[in-house]
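Me: I'm new to this structure and would love a close look at one part of it. Could you walk me through the surroundings of the ligand?

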Amino acid sequence: MADACLFCRIVRKEIPAKIVAETNDCVAFRDINPQAPVHILVVPREHVPSVGDVTDPALVGTLTRLAADLAQREGIAESGYRLVMNTNADAGQTVFHLHLHLLGGREMGWPPG
Ligand code: AMP
Ligand code: ZN
């Protein structure tokens with residue numbers, strides 16, 4: 001499963017991506033189909049399919065901390081940004097390796113579609 005997983009392959013650098021940060025636990029890279037001027041995906045190195053599969057709650061905090069640091073670095077911390085974890089079919093999850101979307105650089109509507 002993890003062998004073929006797209007984001008595991010990006011983490012292992014088997015597939016190129018615009019990586020913006022790497023830590024012991026996480027990798028962050030630019031979304032290939034950006035939905036906002038800043039659209040970064042923060043993923044754990046470990047293969048976890050979805051937020052419902054998280055066993056160590058600290059992992060979600062680690063992803064969130066890195067996303068907040070990247071928002072600062074990208075210059076959108078003050079203007080605002082959105083963190084999204086699409087989960088399963090109704091939310092439109094397409095890649096089943098946990099990822100936190102960091103979106104910002106434009107005003108966003110609410111509720112999301
Ligand atoms: P989700 O729909 O929440 O599962 O998000 C998956 C995201 O991965 C989408 O926003 C895609 O544009 C993005 N994506 C798919 N393939 C790649 C890739 N090779 N490199 C970077 N982002 C990708
Ligand atoms: Zn994976």
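Which element gives the largest share of the shell around ligand 1?

Reply: Happy to help! This is a predicted model, where local features need pLDDT of at least 70, side-chain atom pairs count only at pLDDT 80 or more, and totals for chains, interfaces and linings use all residues. Residues are numbered from 1 along each chain as its sequence is written, chains are lettered from A and ligands numbered from 1 in the order in which they are written, and side-chain values use heavy atoms, with hydrogens and water left out.

The largest share of the shell comes from helix 1, with three residues. Helix 1 (6-11) and strand 2 (26-30) each supply at least two shell residues; helices (H or I, at least four residues) and strands (E, at least two) are DSSP runs, numbered from the N terminus.

In total, 16 residues surround ligand 1, each with a heavy atom within 4 Å of it. The closest are D31, N86, T94, H99 and H101.

Now for the polar contacts (pairs of N or O atoms within 3.5 Å). An oxygen atom of ligand 1 lies 2.9 Å from a polar side-chain atom of N86. For H99, a side-chain N or O atom is 2.9 Å from a ligand oxygen atom, and for H101 the distance is 2.8 Å. The protein covers 83% of the 510 Å² of accessible area that ligand 1 has on its own (Shrake-Rupley method, 1.4 Å probe).

Note on methods: Polar contact = N/O pair within 3.5 Å; in protein donor to acceptor, adjacent residues only side chain to side chain.
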